[in-house]
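Notebook open, coffee poured. Today I am looking at a ligand shell first, and then at the empty spaces in the protein.

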Amino acid sequence: MKLVILGGGGFRVPLVHGALLRDTADRRVTEVVLHDTDLARLDVMRRVLAAQAAQAADGPGLPAAPPTVTATTDLDAALAGADFVFSAMRVGGLEGRTADERIALDLGLLGQETTGPGGVGYGLRTVPVALDVATRIRELAPDAWVINFTNPAGLVTQAMQSVLGDRVVGICDSPLGLAKRAAGALGHDLDDLEIDYAGLNHLGWLTALRRDGRDLLPDLLADETALAAIEEGHLFGPDWLRTLGSLPNEYLYYYYFTRDAIGQITAAPQTRGEYLLDQQAAFYAGVAGAPDEAWQRWDAVRRERNATYMQETRETDDGEAHERAEADVEGGGYEGVALALMAAIARDEPARLILNVRGGGAVAGLPDDAVVEVPCRVDARGPVPVAVSPLPGHALGLVQQVKAVDELVIRAAAEQSRSLAVEAFALHPLVDSVTVARQLVTAYERRLPDFYASLG
Ligand code: G6P
Ligand code: MN
């Protein structure tokens, strides 16, 4: 099987490659093609992957031959004959992310990669590229499955589905991370539980955790010690979790604690994007200068990146930060969901996964073609949403409003319409004035003219 990774020079590619190396099934990926617009980043990634494969070959019993890895900046050459396409692009790079965060913060709003005005700006510059890619896939690999990691993942998946239909599936590690933490806090293995989860990407709620038909979530919510052991306990506080009666995705922090988040991010010396811009620049330059250390350097930076995720929310008043749980630092969700999805489709091995798919009524109150994040049954025919309990009114209202904004972003980007872009920012629940929405569009046009000056 041929797997194409778009954004193939990206930092998280070795996570996927590592999972491929561990895959010994008959029907597995034998050919990986990395595509990126940046040749230097591709070269560095090839070094890291070669070192990773060599290391795996030295390890204990790996019967399977590693997949071949090639790299190219030619999109059409990469896509031809693909069975699976992983899209993990970052349009505008980390410079773009710093713009999303700073432009919003400078106007007193939340400055975050995917949530709030930052996500709207990121979506506006990503959708045109995603639509072009989808068109090339329709031409060159019409039977391929597209697994979309590209953020903002929900709206980018929905845009790509307008060209490719249900063969585009969006994924995210955060619902799985939440489900694992909740299961672990109850002393259970996730495989023994059935999870109810519903919403949009980075805007969902875990509403039940069933074992043999009995919902264990009320037990978890009642257990102070168990809640204190998981990140959501710190982030939202046990009282608020009990008030909600559910476990919100960590990104809901930015809605329930907007002011606190803006204060924390503003007080930090750098935004997350600024921090990563420095960290990643040093990493890519470092490996280019010391190729023999490619693997060690990558692994150290990976741990550092994971350990500092959402750091500003973990700082205490005395300037210390409580540490992220080791399992969260180790990660595994990102590549785990992608590989599980690919295996279920390629080998017809039924699985239950939380994915971003066309809802078709799975979340009552949304248009049928709206992409939602829900548990799905997956086999060779692809994912099908399973029925979950309806969301309470406050959650559904938020989901509907954000989905309406997503749809405006897709239209604004596809039609290159400035007035639709203003509307998208203005109707976002985290933008508190139409005046500010207009200022956001003007600021984007000034700071990133290559991406926004053509909004007519
Ligand atoms: C999680 C989210 C991703 C997001 C990432 C940001 O994994 O699911 O959608 O891109 O966090 O992590 P970073 O290290 O880039 O801040
Ligand atoms: Mn995500």
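**Entry 1: the shell around ligand 1.** I sorted the residues around ligand 1 by class and got 6 charged, 4 nonpolar and 2 polar. This is a predicted model, so I keep that in mind for every value below. The shell consists of R12, R97, E113, N151, C172, D173, H202, Y251, R272, L276, R305 and Y309.

**Entry 2: polar contacts of the ligand.** Which distances separate ligand oxygen atoms from side-chain N or O atoms of N151 and Y251? For N151 I read 2.8 Å between a side-chain N or O atom and an oxygen atom of ligand 1. For Y251 the corresponding value is 3.4 Å. I also looked up R272, where a polar side-chain atom sits 2.7 Å from an oxygen atom of the ligand. As for cover, ligand 1 has 390 Å² of accessible area on its own, and the protein covers 91% of it.

**Entry 3: the largest cavity.** How many cavities of 30 Å³ or more does a search of the whole structure find? I noted 3. The largest has a volume of about 270 Å³. I counted 23 residues in its lining, and T114, P152, N201, V402 and D406 are the ones nearest the centre. Two or more lining residues come from each of helix 5 (117-140), helix 6 (153-164), strand 12 (371-379) and helix 18 (393-415). Helix 18 gives the largest share, 5 residues. By class, I have 12 nonpolar, 9 polar and 2 charged residues in this lining.

**Entry 4: the second largest cavity.** Here I wrote down a volume of about 40 Å³. The residues that line this cavity are M1, D23, R27, R28, V29, L339, M342, A343, A346 and R347. They split into 6 nonpolar and 4 charged, with no polar residue in the lining.

**Entry 5: the second largest pocket.** Next I turned to a pocket, the second largest, which holds about 470 Å³ of space. It is lined by 19 residues, and closest to its centre I found L176, L190, D191, R352 and L353. Which elements give two or more residues to the lining of this pocket? My list has two helices, helix 7 (174-185) and helix 17 (333-347), and two strands, strand 7 (194-200) and strand 11 (351-358). The class count for the pocket lining is 13 nonpolar, 4 charged and 2 polar.

Terms used. Residues are numbered from 1 along each chain as its sequence is written. Chains are lettered from A and ligands numbered from 1 in the order in which they are written. This is a predicted model: local features need pLDDT of at least 70, side-chain atom pairs count only at pLDDT 80 or more; totals for chains, interfaces and linings use all residues. Side-chain values use heavy atoms; hydrogens and water are left out. A residue is near a molecule or strand if one of its heavy atoms lies within 4 Å of it. A polar contact is a pair of N or O atoms within 3.5 Å; within protein, one must be able to donate a hydrogen and the other to accept it, and residues adjacent in sequence count only if both atoms are side-chain atoms. Accessible areas come from the Shrake-Rupley method with a 1.4 Å probe; for residues, only the protein chains shown count as cover. Ala, Val, Leu, Ile, Met, Phe, Trp, Tyr, Cys and Pro count as nonpolar, Asp, Glu, Lys and Arg as charged, and the others, Gly among them, as polar. On a 1 Å grid over the protein atoms alone, a cavity is a set of points where a 1.4 Å probe fits but cannot get out, and a pocket is an open set with protein on both sides within 12 Å along at least five of seven lines; lining residues have an atom within 4 Å of a point. Grid points are joined across faces, edges and corners, and a volume is the space filled by probe spheres set on the points. Helices (H or I, at least four residues) and strands (E, at least two) are DSSP runs, numbered from the N terminus.
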